[in-house]
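Visitor: I should like a close look at a single part, the interface. Please describe what it is made of and how it is packed.

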Amino acid sequence: MTEYSPLRRALPHVFLVLAIAVILFPIYIVLIASTRTSSDILSAPMPLTPGTHMAENYSRAVLEGNQNLGSSALSMMKNSLIMALGISVGKIVVSLLAAYAIVFFRFKLRGFCFWSIFVTLMLPVEVRIMPTYKVVSDLGLLNSYAGLILPMIVSATAVFLFRQFFMQVPREIAEASQIDGAGPMQFFWRILLPMTRTPIAAMFVIQFIYGWNQYLWPLLITTKQEYYTILIGINRMLSGADVQIEWQIVMATTLLAMIPPALIVVIMQKQFIAGMTDREK
Amino acid sequence: MVQQYEFKTKGLPYLLVLPQMVIVFVFFFWPSLQGLWQSFFLQDPFGGRLLFVGLDNYTRLFTDPSYGYGESFRISIAFAAAVTLLAMSIALFLATQANKKIRFASFYKTMMIWPYAVATMVAGVLWLFMFNPNVGVIAWFLKHRLGIEWQHLLNTGQAFLLVTLAASWKQISYNFVFFLAGLQSVPNDLIEAAAIDGAGPARRFWKIVFPLLSPTTFYLLVMNLVYGFFETFPIIHQVTAGGPGKSTSILVYKVWRDGVINLDLGGSSAQSVILMVMVMALTVVQFRFIERRVHY
């Protein structure tokens with residue numbers, strides 16, 4: 001800022017490049033491993049340069065998967081995608097409707113609804129594992145997409161974000177639309193939703209990543225291979241004796257699992273940062 | 001305050017909140033109440049006969065040393081504290097570097113931010129692979145170049161270090177996003193004024209920038225503790241499975257293990273209730289603080 005010297009100007013670059021190297025190194029290792037053969041990896045140390053088996057490993061990972069797994073990366077990515085889209089879209093729809101009711105309507109149970117949603121902040125899955133499992137099992141939703149998605153749909157954070165945004169919308173607009181003869185739902189569709197595009201996009205990025213990266217919940221309720229998400233698949237491939245693990249397939253699958261959420265963050269970086277830091281307020 | 005315009009349609013608002021409320025009750029309140037109820041009973045895992053035992057499940061947690069609950073508490077606190085300290089200090093340092101007017105700043109930011117998308121579980125796999133005693137690149141380097149035998153499945157200290165590193169690595173980009181946003185909102189004229197008054201870079205940071213960042217720091221402190229306590233289950237499950245022994249068995253891992261693997265439903269439920277109280281305390285602290293901030 002004020003002091004200028006060559007060293008002062010170079011240092012930030014040194015630190016940042018170093019940090020990025022530390023962040024990227026594990027991913028580089030995964031990339032290398034996914035291009036090598038099993039025996040390359042097992043004869044430690046694995047060479048740190050790319051091998052020649054990339055196409056072979058990836059096509060096996062995508063089409064067949066590990067020998068002891070019985071599920072391919074393609075089918076598991078499909079499940080992860082369904083789960084991530086189901087959770088993100090479901091959350092946004094349900095939260096938009098609830099926030100709309102809470103902000104724009106006066107009704108008896110408004111305070112009660114608001115506080116019930118607020119309390120869910122305090123009940124993450126991690127702390128109510130067994131009872132939630134039991135409820136989902138009683139409803140017959142084990143090994144189903146509905147079971148993977150529905151319990152994850154409630155989001156106090158999404159309701160808060162939309163509520164915050166709706167509260168800044170000038171009420172004259174709502175009043176004017178009423179005078180012009182539009183019903184509340186017409187106002188919602190035609191006027192409010194188009195205004196809410198940016199927060200919706202921000203929520204979508206955050207919730208898609210949240211959904212894609214869910215681990216504990218699918219671990220509990222999926223026992224059939226056809227419902228494995230990609231993360232569960234990776235865990236199953238790794239749960240065997242060390243020598244039986246086909247590291248090159250596991251690493252190819254791990255890299256594939258990282259791509260969709262990473263792409264979304266990079267492409268929608270602006271909305272993502274806005275959405276994240278807005279939650280703080 | 002001016003009366004805000006509100007729609008007066010009678011039934012519609014109930015219809016609008018209905019989906020949200022159904023899910024809240026079916027998947028949040030009902031299981032939580034069941035958990036609370038369950039925590040007062042002993043159930044044999046096969047027949048499902050319930051035996052009311054009052055607070056026994058709770059007292060057992062805190063009085064029976066073989067249950068290892070106090071130990072798990074101690075491990076969780078050490079783990080969450082280590083992850084919070086490591087991930088926050090590194091992220092703050094890097095955010096101050098990236099906030100300088102340097103070339104490639106936006107490239108650096110993107111590279112720092114995208115690992116937010118990496119699943120906690122994948123972070124575990126990445127570090128597990130590097131430190132696997134048989135095939136891991138770093139484990140090999142430690143052994144053959146530095147003479148350190150890396151065996152995180154046998155050595156409790158190494159196991160703790162490995163899960164801490166993996167969990168912190170994953171959390172840095174989250175903290176980075178918030179610190180960077182916080183730093184960008186620090187007014188530049190304040191810093192320039194201090195510089196004119198003769199304050200050096202370190203002094204400017206600690207006397208001006210850091211205090212102005214305190215809302216962000218506090219928010220991140222809570223979020224990182226929550227992450228360390230509750231969201232690191234995938235790393236523990238994947239990397240160490242709570243071992244060796246129970247040396248990395250943090251509270252959320254123990255709830256899962258006692259409930260799902262050991263089928264001790266009463267004990268697992270009692271632990272769940274304790275965790276719920278902890279999350280509530282953290283949430284209340286956070287919101288108290290945010291409310292206060294609004295009046296700035």
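Guide: What follows treats the interface as a whole and then one pair of helices within it. The model is predicted, so local features need pLDDT of at least 70 and side-chain atom pairs pLDDT 80 or more, whereas totals for chains, interfaces and linings use all residues. Residues are numbered from 1 along each chain as written, chains are lettered from A and ligands numbered from 1 in the order written, and side-chain values use heavy atoms, without hydrogens or water.

Chain A contributes 104 residues to the contact and chain B contributes 96, contact meaning heavy atoms within 4.5 Å. The size of an interface is often expressed as accessible area lost when the parts come together. Here about 9,300 Å² is buried between chain B and chain A, with 77% given by carbon and sulfur atoms; the figure is the accessible area (1.4 Å probe) lost on putting the two parts together, summed over both.

Between chain B and chain A there are 0 salt bridges (a Lys or Arg side-chain nitrogen within 4 Å of an Asp or Glu carboxyl oxygen). Polar contacts join 7 residue pairs across the interface, both residues at pLDDT 80 or more; each is a pair of N or O atoms within 3.5 Å, one able to donate a hydrogen and the other to accept it, and sequence neighbours count only if both atoms are side-chain atoms. On the chain B side, helix H1 (residues 12-38) gives the most, with 20 residues; helices are DSSP runs of H or I of at least four residues, numbered from the N terminus. By class, that side has 70 nonpolar, 20 polar and 6 charged residues. Ala, Val, Leu, Ile, Met, Phe, Trp, Tyr, Cys and Pro count as nonpolar, Asp, Glu, Lys and Arg as charged, and the others, including Gly, as polar.

As for the helix pair, the axes of H14(A) (residues 247-267) and H5(B) (residues 120-131) come within 11 Å and cross at roughly 145 degrees. Trp247(A), Met251(A), Thr254(A) and Met258(A) of H14(A) meet Val122(B), Val125(B), Leu126(B) and Phe129(B) of H5(B). This contact has 7 nonpolar, 1 polar and no charged residues. Axes are lines fitted to C-alpha atoms over the stretch in contact, with angles from 0 to 180 degrees between N-to-C directions.

Key. Helices (H or I, at least four residues) and strands (E, at least two) are DSSP runs, numbered from the N terminus.
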